[in-house]
Amino acid sequence: MNALMRPQAPVGHRFSGEDVLIMQEAGILLEGGPFELIEGEIIDAPSEGDAHQGLRTALMRFLNRSLPDDIYLASDGTLRLSDDNWPQPDFHLYPATPLPSAVSGGDTLLVIELSDSSLPYDMRRKAELYRHFGVREYWVIDLNAGLLHVLRADGAWPAPPIAFTETVEPGLLPGLSIRIADFLPA
């Protein structure tokens with residue numbers, strides 16, 4: 001559309017991941033900034049509180065020590081699901097063989113979101129996005145309610161929530177037991 005032609009109604013602009021990279025190179029968007037690309041829309045992430053940051057740090061330390069060498073852990077890394085879907089979950093775990101930029105939803109072994117201010121978004125829009133792109137297991141850690149929501153493609157989506165005091169094992173990572181309460185301040 002040239003400058004003389006105007007749309008008949010308001011029109012939004014959709015972006016691709018490549019557009020985001022170009023905007024970062026130009027300094028329009030901060031590289032590693034608090035946003036993600038969902039369905040061509042740049043979504044600003046809310047500020048993370050102390051509970052969010054503390055739990056992410058504790059879980060990252062635990063997972064780094066517990067995972068075998070053939071499993072990689074990305075913390076706040078971009079998961080490139082399609083040209084216009086580049087979410088940034090708090091964690092995603094995947095086999096060590098593909099390059100991080102080549103990891104697809106079906107490659108992931110576990111995707112984790114820590115949710116203290118974005119629960120409806122994480123449980124609805126992002127859950128459906130991950131399911132659509134073949135993510136087989138997605139956890140939403142609800143910091144406010146003290147509940148873990150486990151969403152597995154091979155079962156109920158979502159399953160009944162799990163209390164932080166219960167132990168859970170990711171379906172694709174047998175032997176890795178996690179009890180969220182162990183990572184919270186006393």
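Colleague: Which backbone nitrogen does the side chain of serine 115 reach, and at what distance?
Modeller: First, this is a predicted model, where local features need pLDDT of at least 70, side-chain atom pairs count only at pLDDT 80 or more, and totals for chains, interfaces and linings use all residues. Residues are numbered from 1 along each chain as its sequence is written, and side-chain values use heavy atoms, with hydrogens and water left out. Serine 115 is in strand E5, residues 110–115 (strands, E, at least two residues, and helices, H or I, at least four, are DSSP runs numbered from the N terminus). Its side chain reaches the backbone nitrogen of leucine 119, at 2.9 Å.

Colleague: With which side chain does the side chain of serine 115 make a polar contact?
Modeller: A polar contact is a pair of N or O atoms within 3.5 Å; within protein, one must be able to donate a hydrogen and the other to accept it, and residues adjacent in sequence count only if both atoms are side-chain atoms. At 3.1 Å, the partner of the serine 115 side chain is that of aspartate 122.

Colleague: Is serine 115 buried or exposed?
Modeller: Buried means under 20% relative accessible area, exposed over 50%, and partly exposed in between (1.4 Å probe, protein chains only). Serine 115 has 1% relative accessibility, so the label is buried.

Colleague: What geometry does the ring pair of tyrosine 72 and tyrosine 94 have?
Modeller: Rings of Phe, Tyr and Trp (its six-membered ring) pair if their centres lie within 6.5 Å; planes under 30 degrees apart count as stacked, over 60 as edge-to-face and the rest as tilted. The whole structure has three such aromatic pairs. For tyrosine 72 and tyrosine 94, the centres are 5.8 Å apart and the planes sit at 80°, so the pair is edge-to-face.

Colleague: How many residues apart in sequence are the parts that this tyrosine pair ties together?
Modeller: Tyrosine 72 is partly exposed at 38%, while tyrosine 94 is buried at 5%. Tyrosine 72 lies in strand E3 (residues 71–75) and tyrosine 94 in strand E4 (residues 91–95), so the parts tied together are apart in sequence by 22 residues.

Colleague: And the rings of tyrosine 130 and tyrosine 138: at what angle are their planes?
Modeller: Tyrosine 130 is buried at 0%, and tyrosine 138 is buried at 0% too. Their ring centres are 4.7 Å apart, and the pair counts as edge-to-face because the planes are at 65°.

Colleague: Which helix gives the most to the largest nonpolar core?
Modeller: A nonpolar core is a set of buried Ala, Val, Leu, Ile, Met, Phe, Trp, Tyr and Cys residues joined through side-chain atoms within 4.5 Å. This one has 25 residues, and Leu55, Leu59, Trp139, Ile141 and Ile178 touch the most other members. H2 (50–66), E4, E5, E6 (137–142) and E7 (147–152) each supply at least two residues. With four residues, the top contributor is H2.

Colleague: How many residues are in the second, separate core?
Modeller: Its members include Tyr94, Val111, Val135 and Tyr138. The count for this second core is 15 residues.

Colleague: In the hairpin of E1 and E2, which residue takes a positive phi?
Modeller: Strands pair if DSSP finds at least two bridges between them. E1 (residues 35–38) and E2 (residues 41–44) pair in the antiparallel sense over four bridges, and leucine 37 has isoleucine 42 as its bridge partner. Two residues lie between the strands, and the positive phi, near 50°, belongs to glutamate 39.
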